Amino acid sequence: MKITDTSDLWWKTAVVYCLDVETYLDSDGDGVGDLQGLAQRIDYLAQLGVTCLWLMPFYPTPDRDDGYDVADFYGVDPRLGTLGDFVEVVRTARDRGMRVIVDLVVNHTSDKHPWFVSAKRSVDSPYRDFYVWRDDPPPKGQKNAVFPGEADGIWEKDEKSGQWYQHSFYPHQPDLNVANPKVRDEIAKVIGFWLELGISGFRVDAVPFFLEVPPGAHMTDPHELLRDLRAFMQRRSSEAILLGEVNLPYAQQVEYFGGEQASELTMQFDFVGMQSIYLSLARSSAAPLIDALQDRPDLPVEVQYANFLRNHDELTLDKLTDDERDEVFAAFAPDERQRVFGRGITRRLPPMLGDPRRVRMAYSLLFTLPGTPVLFYGEEIGMGENIEIDGREAVRTPMQWSADRNGGFSDAAPSRLVAPLPGDGYAPQHVNVASQVEDRESLLHFFRDLTARYRISPELGWGRFEVLGQDVEAILVHSLTADVGRVIAVHNFADAPATTRFAVADEPEGATLVDLLGAERIEIGTKGRVELEVAAYGYRWLRVSRPGDGRVT
């Protein structure tokens, strides 16, 4: 398939930006961000180069798990606004060339959801079978894999009936029974509802848990549910996507794409690749990342990986060996308080990496990896975590718009803010949007440059990936080739300059390399040989310019 043949695979070259409405901008002074505040910042996001906005849960909720305990799949939490405000955000984003996707959290509900309230009231409730129950006591010593140390097992006793209900996450998040056709119908209705309001798809939470069915259930292939939901969604909206959270090895992820038919998830986050990046950073060696990228299975053109460096959860390191995890902990989370669940880090990227050159190299790498880049709000200005907040909430602090009171997030008293702002070197007086807008050398402008170059380089989203061999362990040289051209990316993981020598094969005589982030044109020698100086933590984006192609770079 040629890139010029289709534009419906818009997500192949998207720039995805994740934010939590309650921590983005407070428009009414109550200390909580809201949809009206977000609408006021759509132009900022458009200038940044965002083309797809991912909204974390904004549904009515008791808010015991940052909104992932949903009490109504068809509404907006009153703290955040109304459905009318939501539609205005979607309309305004569309007007600026930006699509919106929202979190689909259907592995479980809140225990305050009307379905579960009814289910607990009586074993004869029509909603009793919406959840997973057992009559016999669960095995002793059972652990909770998602929240070890925070949640006790995965079964909670309902004292009224004497039965136990299943919760893969917290006890206040009972699991839905997807083996029940009525539950599957409700999930489809939820998808249809939000599509009618103009969104372009969903980030699907905890997909492997979602597809778990109770023992003895009459559902031989749980993946049939994903196929059905994908088909239903695309009947309603041919452009809509399912971006899945599937933290599994590559071989198992292929199943969630739907194999060669590409009939299930449209995209999946690359957790394996992300963790290998941090191991490479810790070792100042490109080898771990190269190994991961070369282990990636070949995928049909209709599906793709989503690349990320940080998100709203802990930086999980569960796919590394114990020794590898200890290396990353020692490098980036030396204080035990910066670690959680024995497997993750509760820090943002700039405090972890420290050196601004290293930070920029890491984000340059993110944008040039095969796949779609996903950003977490505040990354574009180098926000840090609040070290005074325990656990995963440390990275979910209010967006820092200015050096003013509360970082320009809210006019409320600081005690009323949805979360306290950092008070260290990453506090708003040191890190904020307003000051970086005025500074052409700032991280914010660096991000704007990256997104601008990314958006005119479709090879990065569509291209065939290849590692180009060379002898410097700290350097990764890779190529992405598509029908419109070829881009070569060079990244140095070490705090020392180096000279790399590699070959650009199969290019015509007279071809050169054009620096997309600078003004240099580099000659390609005989047999495609290239010699390149790379600065400490340096990075280069090089487009192959062939004689007579006339492409604007």
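How many bridges join strand β10 to strand β14, and in which direction do the two run? Two strands are at issue, β10 at residues 304-307 and β14 at residues 372-376. They are joined by 2 bridges and run parallel. One partnership can be named: N307 has P373 of β14 as its bridge partner. The model discussed here is predicted.

## The barrel

The β10 and β14 strands belong to a closed barrel of 8 strands. The order is β1-β2-β3-β7-β8-β9-β10-β14, and the pairing is parallel. On average, neighbouring strands of this sheet are turned by 25° against each other, with direction ignored. Helix α8, residues 250-257, packs on the sheet. There α8 touches β9 (267-269) and β10. The direction of α8 makes about 150° with that of β9.

The UniProt record places an annotation on this chain. In an unreviewed entry, UniProt lists residues 22-416 as "domain: Glycosyl hydrolase family 13 catalytic". In the model, the end C-alpha atoms of residues 22-416 lie 13 Å apart. Helix makes up 32% of that span and strand 11%.

## Strands β3, β7, β8 and β9

Next come the pairings along one stretch of the barrel. Strand β3 covers residues 99-104 and is joined to β7 by 3 bridges, in parallel. Within that pairing, L104 has V204 of β7 as its partner. Strand β7 also pairs with β8 (residues 241-244), again in the parallel sense, over 4 bridges. Here G201 is partnered by I241 of β8, and V204 by G244 of β8. V204 thus has a named partner in β3, L104, and another in β8, G244. Moving on, β8 and β9 pair in the parallel sense over 2 bridges. L243 has M267 of β9 as its bridge partner.

The parallel pairings are set out below.

| Strand pair | Bridges | Named partners |
|---|---|---|
| β3 and β7 | 3 bridges | L104 and V204 |
| β7 and β8 | 4 bridges | G201 and I241 |
| β8 and β9 | 2 bridges | L243 and M267 |
| β10 and β14 | 2 bridges | N307 and P373 |

Side chains in a regular strand alternate between the two faces of the sheet. Which residues of β7 sit on each side, and are they buried or exposed? Strand β7 spans residues 201-204, with G201 and R203 on one side and F202 and V204 on the other. All are buried, and both faces of the strand are covered. Strand β8 gives a matching account. I241 and L243 point one way, L242 and G244 point the other way, and all are buried.

## A buried glutamine

Q275 lies in helix α9, residues 271-283. Its relative accessible area is 0%, so Q275 counts as buried. What does Q275 touch, leaving aside residues up to four places away in sequence? The contacts are N247, T316, L317, D318, K319 and L320.

## Positive phi outside glycine

Two loop residues deserve a look. D63 has phi near 65°, a positive value in a residue other than glycine. D63 sits in the loop between β2 (52-55) and α3 (83-95). Its relative accessibility is 30%, so D63 counts as partly exposed.

A206 also has a positive phi without being glycine, with a value near 50°. A206 is in the loop between β7 and α6 (207-210). Is A206 buried or exposed? At 4% relative accessibility, A206 counts as buried, because the cut-off for buried is under 20%.

## Aromatic rings and charges

The model holds 36 aromatic pairs. One of them is F58 with Y59, a tilted pair. Their ring centres are 4.6 Å apart, with 40° between the planes. Both F58 and Y59 are buried.

Ring pairs also build a cluster. The cluster links Y17, Y24, Y44, F376, Y377 and W401. F376 brings β14 back into view, since that strand spans residues 372-376.

Charged side chains lie over ring faces too. K12 lies over the face of W462, at 5.2 Å from the ring centre. R134 lies over the face of W155, at 4.9 Å from the ring centre.

Conventions
Residues are numbered from 1 along each chain as its sequence is written. This is a predicted model: local features need pLDDT of at least 70, side-chain atom pairs count only at pLDDT 80 or more; totals for chains, interfaces and linings use all residues. Side-chain values use heavy atoms; hydrogens and water are left out. Two strands pair if DSSP finds at least two bridges between them. Axes are lines fitted to C-alpha atoms, for helices over the stretch in contact, and angles run from 0 to 180 degrees between N-to-C directions. Contact means heavy atoms within 4.5 Å. Rings of Phe, Tyr and Trp (its six-membered ring) pair if their centres lie within 6.5 Å; planes under 30 degrees apart count as stacked, over 60 as edge-to-face and the rest as tilted. Buried means under 20% relative accessible area, exposed over 50%, partly exposed in between (1.4 Å probe, protein chains only). A charge sits over a ring if NZ of Lys or CZ of Arg is within 6 Å of the ring centre and within 35 degrees of the ring normal. UniProt positions are given in the numbering used here, feature names are shortened, and annotations may be inferred rather than shown by experiment.
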